[in-house]
Amino acid sequence: MLDDASIAETDHAADSIAVSVWRGDASGGTWETFTVPRQPSQTVLDIVTWIQQEADPTLTYRFACRVGMCGSCAMMVNDEPRWTCRTHVGRVVKDGAISIAPLRNLPVIKDLATDMDPFFDKWVKAEATHHPSAGRHDDFAAVLPDDEQRVEASAGIECINCAVCYAACDTVAGNPDYLGPAALQRAWTLYNDSRDDAGGAILDAVSAQGGCHSCHSMGSCTHYCPNDLDPMGAIAGLKRATAKRFFRRGRG
Amino acid sequence: MLDFRLYMAQRLSALIMAPLVVGHLAVMIYAVQGGLSAGEILGRTQGSLFWALFYGGFVVAVSVHAAIGLRTVISEWTRLRGGMLNGVAMAIFATLLVMGGRAVLAVTLV
């Protein structure tokens, strides 16, 4: 990992950068190389934007906020999943070159834009949707920040749905039914949320085929999460919760 | 729920295997240190219900554990799913059980 001084030093190491961009669609594609001018504090998203605006307007990609909040712009950079808007070129450039490709483990729509439907469908399949325990006429729920369960829930709620963990996961690559780290982490935060009323349904959902028990704890999700979250820890929590229920009830 | 039940069966079989592996290693080291011959070892294991249950339990746990683990590997490395996948896993389970069972019987039957 480069420190800020090193990034500043490498920022003007070359006048231009050779960028290999994956071009194609669901039926296949190929790499196309562009020469992009180097700029101070340049991000990978800046590179993609420059290519579309200055070199080839047909390049398709997705972004929105540009500040690491919306989770739209994740791509494979040098074969590793990253949020491109917060990835400085100085951190990833190798020998004056960078490769940029669509996120792994998701169908490609065109060029760098992937179809996120399978990713979000799995959130619903994991029961990673809020199940209210109270209605609008009830009092506000008291949420104590230091409560043990709340601490578990709070640890995972900053997920921005960027699918970097999903792209990094080798279990998703080998098992298309696997719900993936993001959906399971969301299920874990809701399981620990005192305002969610479907703990049993969540445990049922994550115990089904492709659920949390398919995880091999390889840890790519936690390693690559741009927000420093720990989906692998959340999945381990789900495994513990389902095992505890098994011993309590004597069944799955 | 099949995935979850297999997950639990694999963890529980590991729990059974762990102390048996330690026991097996300890017995091996003891037998080698003491300079026991094959005949002397067989003299102690044949007719012993304890050793039959010790190694019989190990064989059952290994058969369950390995079959579930290989089922997962096969499902991730090939397109095998459903009944075919379960059939292959059952065949692995049965093969390990029969081969291991024969070995246990060979050293514990009088």
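Student: Helices (H or I, at least four residues) and strands (E, at least two) are DSSP runs, numbered from the N terminus, so how many of each are in chain B?

Tutor: Four helices and zero strands. Going from the N terminus, the elements read α-α-α-α. Keep in mind that this is a predicted model, where local features need pLDDT of at least 70 and side-chain atom pairs pLDDT 80 or more, while totals for chains, interfaces and linings use all residues. Residues count from 1 along each chain as its sequence is written, and chains are lettered from A and ligands numbered from 1 in the order written.

Student: Is chain B spread out or compact?

Tutor: Spread out, because its radius of gyration (over C-alpha atoms) is 17 Å, well over the 13 Å that the globule rule (2.2 Å times the number of residues to the power 0.38) gives for 110 residues. Its C-alpha trace spans about 50 × 25 × 20 Å along the principal axes.

Student: OK, switching to the interface: how many residues does each chain put into the contact?

Tutor: Chain B gives nine and chain A gives 12, with contact meaning C-beta atoms, placed from the backbone, within 7 Å.

Student: And which elements of chain B are on that side?

Tutor: α1 (2-34) and α3 (49-77) of chain B each give two or more residues to the side touching chain A. α1(B) gives the most, with six.

Student: What classes of residue are those on chain B's side?

Tutor: Five nonpolar (Ala, Val, Leu, Ile, Met, Phe, Trp, Tyr, Cys, Pro), three charged (Asp, Glu, Lys, Arg) and one polar (the others, Gly among them), on the side of chain B that touches chain A.

Conventions:
Contact = placed C-beta atoms within 7 Å.
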